[in-house]
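Work through the following exercises with the model open beside you, and try each task before reading its solution.

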Amino acid sequence: MTDSAAPAIPPKQEAAGIDLSGFKLISQGAEARVWEGTYLDVPAVIKQRFSKKYRHASLDTKLTQSRLKQEVRSILRARKLGVPTPVLYYVEHDAASIYMEKVQGVSVKEALQGKQLDQQGLHTLLRAIGRQVALLHDGGLIHGDLTTSNMLLRAPDSELVLIDFGLSYNNTLAEDKAVDLYVLERAFTSAHSALGKLFDDVLASYRQHSRMWCPTLNKFAEVRMRGRKRTMVG
Ligand SMILES: Nc1ncnc2c1ncn2[C@@H]1O[C@H](COP(=O)(O)OP(=O)(O)O)[C@@H](O)[C@H]1O
Ligand SMILES: [Mg+2]
C-alpha cells in the first residue's frame, strides 16, 4: 500500500503483464487517488486508497482494507437494488485499488452549474436523484457521502450513476436515511445556491419511490431543524 507522501504512481499489475503506465491522475482526495486510463482495451479508472501518516500503521492498514471492501460491496449492492454504479473490473487488494468502468460524461455538479440543461432535463435529473436514493434506502444501504460530485451522468443518454461508496454502510434506521438526505440537501444549497429550491423535486420523487418515506421524511424535518439551530448558535 502506498502512503499519502509517496509519489503519485499508479498501481501495477506486473504479474499479469498489464501495463498501467499510461494512467493519469485525475483526482487527489483525502483518502484516495483516482487514475484514468485504458485497462484491457477499455476506458477505466483506478481508485487507490492510500495510508495516512498520522494513523497507527497496522490500524491504518485494517481501516484502509475495510473501507475498500465496504466500497466494493456497496457498489455491487447498489447495482443489485437497481441503482446504476460503475462496472467493476478488478480489485487489487494489496494496492488497495479498485479498477472500474470510466463513466463517460459530466458530474451532476457540472451539469447543474452549466447551461446545457433545460427545464425538462433538470426536472428529470432531480427526479432520478430522488428515485435512486429511495432505492438505496429501501434496500438498507446508506450512501454516506451524497454530493453532486458523487453523481455522474453517463453519456449519451445521461443515465444517473452513483459513485464514491467509501463511506457507505448497511442500515435501515430512518435517522441514518434522514442524515443522508440532509447531506445531499446541504450539497444542493451550498454548491448550487441559486438552485436551493430544486431540492423539493428530489424530495417529492423520494417520497413517491420509497416505501418508507413517511418516517424518513419526518426524521429529515427534525435533522434539518437541528442543523438550522446549530447554524444560528454557531
Ligand atoms: N468510475 C468513474 N468514472 C469516471 N470518473 C470517476 C469515477 N470514479 C471517480 N471518478 C472521478 O474521480 C473523482 C473522485 O472519485 P471519488 O470516488 O468520488 O473519490 P473521493 O473519495 O476522493 O471523493 C470523482 O468526483 C469523479 O470526478
Ligand atoms: Mg467523491
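Strands, as the word is used here, are DSSP runs of E with at least two residues, numbered from the N terminus. The model is a predicted one.

**Exercise 1.** Locate Ala 96 among the strands and state what is notable about its phi.

Solution. Begin with the position: Ala 96 belongs to the loop between β4 (88-92) and β5. Then turn to the backbone, where Ala 96 shows a positive phi of about 50 degrees although it is not a glycine.

**Exercise 2.** Find which peptide bond is cis, and place Pro 156 relative to the strands.

Solution. The cis peptide bond is the one joining Ala 155 and Pro 156, with an omega of about 0 degrees. As for its place in the fold, Pro 156 is in the loop that runs between β8 (151-154) and β9 (159-162).

**Exercise 3.** Describe the shell around ligand 1, and explain why ligand 1 lies between two domains.

Solution. Start with the residues: 15 surround ligand 1, and those that come nearest are Lys 47, Glu 101, Val 103, Asn 150 and Asp 164. Sorted by class, the shell consists of seven nonpolar, four polar and four charged residues. Next, consider the strands, since β3 (42-49) and β5 (97-101) each contribute at least two residues to this shell. Finally, domain 1 (24-101) and domain 2 (105-233) both give residues to the shell, and therefore ligand 1 lies between them.

**Exercise 4.** Identify polar contacts of ligand 1 and determine how much of its area the protein buries.

Solution. Taking side chains to begin with, an N or O atom of Lys 47 is 2.8 Å from an oxygen atom of ligand 1, and a side-chain N or O atom of Asp 164 is likewise 2.8 Å from a ligand oxygen atom. From the backbone, an N or O atom of Ser 149 lies 3.5 Å from an oxygen atom of ligand 1. Taken alone, ligand 1 exposes 540 Å², of which the protein buries 79%.

Methods:
Residues numbered from 1 in each chain as written. Chains lettered and ligands numbered in written order. Predicted model: local features only at pLDDT ≥ 70, side-chain atom pairs only at ≥ 80, totals over all residues. Heavy atoms only, no water. Near = heavy atom within 4 Å. Polar contact = N/O pair within 3.5 Å; in protein donor to acceptor, adjacent residues only side chain to side chain. Areas by Shrake-Rupley, 256 points an atom, 1.4 Å probe, with all protein chains shown as cover. Helix = DSSP H or I, 4+ residues; strand = E, 2+ residues; numbered from the N terminus. Nonpolar A, V, L, I, M, F, W, Y, C, P; charged D, E, K, R; others polar. Domains from an automatic or database assignment.
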